[in-house]
Amino acid sequence: MTDLNVYFSSLSDASLDVRHAAVEKIAAAGRADPGTVVPAVVSELRSGTLDTRWYLGRSLVKMGPDIIPLILEYAEVEKDMDIQKYFGAVLASFGEIAVSPLVSLFSSSNPMARGMASAALERLEEKAVPALIEAALGDDPQVKLCAELTLTKLNIFDYK
């Protein structure tokens with residue numbers, strides 16, 4: 001954890017090379033031990049500056065799609081919309097592999113998680129459409145409504 005703290009503090013260094021190196025070190029640590037590193041990065045996201053948050057988000061992306069379940073767990077309970085936006089950007093960066101997990105957040109009791117999932121799916125555009133149509137035609141009223149609203153944001157109205 002001491003190394004992580006050094007890397008976290010390096011994210012605000014004046015040197016772009018130092019910041020980029022710190023992102024790579026955090027990402028490598030996260031690939032090796034996501035159960036320890038992802039929680040530490042999320043904690044830093046909550047207290048970081050706008051600049052450091054961007055680099056922390058990049059480090060999460062560079063950890064790869066294996067962290068999707070961990071990010072979903074945090075998104076499920078997160079109440080800060082700014083942090084949710086980072087989660088959405090990270091998840092959307094994984095592309096099609098994140099579509100189904102994002103749609104699953106439509107059944108969340110946390111409205112911020114549902115909103116983040118909708119925004120992330122909107123960013124994925126055509127990659128998300130088949131799963132959104134399937135959800136919009138499903139039986140769960142909350143999931144159906146979220147999917148329909150997301151499809152509407154994508155200007156897709158004729159899917160029934």
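Is N155 buried or exposed? Keep that residue in mind as you go through these views of a predicted model; its turn comes in the last one.

**View 1. The whole chain is built from helices.** Welcome to the overview. The protein chain holds ten helices and zero strands, so reading along the sequence gives the pattern α-α-α-α-α-α-α-α-α-α. The radius of gyration is 17 Å, close to the 15 Å that the globule rule gives for 160 residues, so the chain is as compact as a globular protein of that length. Taken along the principal axes, a box of roughly 55 × 25 × 25 Å is filled by the C-alpha atoms. Of the 160 residues, 46% are buried. Among contacts with a separation of 6 or more, 62% join residues that are 24 or more positions apart. The chain exposes about 8,200 Å², and carbon and sulfur atoms supply 54% of that area.

**View 2. Helix α2 carries a buried alanine, A22.** Let us zoom in on a single residue. A22 sits in helix α2. Why does A22 count as buried? Its relative accessible area is 2%, and buried means under 20%. Which residues does A22 touch, once its neighbours within four places in sequence are set aside? They are Y7, S10 and L11. You can also look for S9, which is 13 residues from A22 in sequence and 8.7 Å from it in space, C-alpha to C-alpha.

**View 3. Helix α4 has several helices around its buried residues.** Helix α4 covers residues 50-63, which makes 14 residues. From its first C-alpha to its last, α4 reaches 20 Å, close to the 20 Å expected at 1.5 Å a residue. Try finding its buried residues one by one: T52, R53, Y55, L56, G57, S59, L60 and M63. What covers them? The cover includes α1 (2-10), α2 (16-32), α3 (34-47), α5 (68-77) and α6 (81-93). One of these, α2, is also the home of A22 from the previous view. After α4 comes G64, whose phi is positive, near 95°.

**View 4. Two neighbouring rings, W54 and Y55, form an aromatic pair.** Now stay with the rings for a moment. A pair of aromatic rings is described by the distance of the centres and the angle of the planes. How many aromatic pairs are counted here? The count comes to one. The rings of W54 and Y55 have their centres 5.0 Å apart and their planes at 90°, so this pair is edge-to-face. The angle is what decides the name, because planes over 60 degrees apart count as edge-to-face. The two partners can also be compared by their surroundings: W54 is partly exposed, at 49% relative accessibility, whereas Y55 is buried, at 9%.

**View 5. Helix α10 is capped by D140 and packs against two helices.** Helix α10 runs over residues 141-153. Its 13 residues should span 18 Å at 1.5 Å a residue, and its end C-alpha atoms are 18 Å apart, so the two values agree. At the N-terminal end, D140 acts as a cap: one of its side-chain oxygens lies 2.9 Å from the backbone nitrogen of Q142. The buried residues of α10 are V143, C146, A147, E148, T150 and L151, and they pack against α8 (111-124) and α9 (129-136). Have a closer look at E148, which lies in this helix. With a relative accessible area of 19%, E148 is buried, because the cut-off is under 20%. Leaving aside neighbours within four places in sequence, E148 is in contact with A136, Y159 and K160.

**View 6. E125 and N155 have positive phi angles.** Which of these two lies in a loop between helices? E125 is found in the loop between α8 and α9. Its phi is about 45°, positive although E125 is not a glycine. At a relative accessible area of 46%, E125 is partly exposed. N155 lies in the segment after α10. N155 is not a glycine either, yet its phi is positive, about 60°. That brings us back to the opening puzzle: N155 is exposed, with a relative accessible area of 60%, because exposed means over 50%.

How values were computed: Residues are numbered from 1 along each chain as its sequence is written. This is a predicted model: local features need pLDDT of at least 70, side-chain atom pairs count only at pLDDT 80 or more; totals for chains, interfaces and linings use all residues. Side-chain values use heavy atoms; hydrogens and water are left out. Helices (H or I, at least four residues) and strands (E, at least two) are DSSP runs, numbered from the N terminus. The expected span of a helix is 1.5 Å times one less than its number of residues. Buried means under 20% relative accessible area, exposed over 50%, partly exposed in between (1.4 Å probe, protein chains only). Contact means heavy atoms within 4.5 Å. Rings of Phe, Tyr and Trp (its six-membered ring) pair if their centres lie within 6.5 Å; planes under 30 degrees apart count as stacked, over 60 as edge-to-face and the rest as tilted. The radius of gyration is taken over C-alpha atoms; the globule rule is 2.2 Å times the number of residues to the power 0.38. Accessible areas come from the Shrake-Rupley method with a 1.4 Å probe; for residues, only the protein chains shown count as cover. A polar contact is a pair of N or O atoms within 3.5 Å; within protein, one must be able to donate a hydrogen and the other to accept it, and residues adjacent in sequence count only if both atoms are side-chain atoms.
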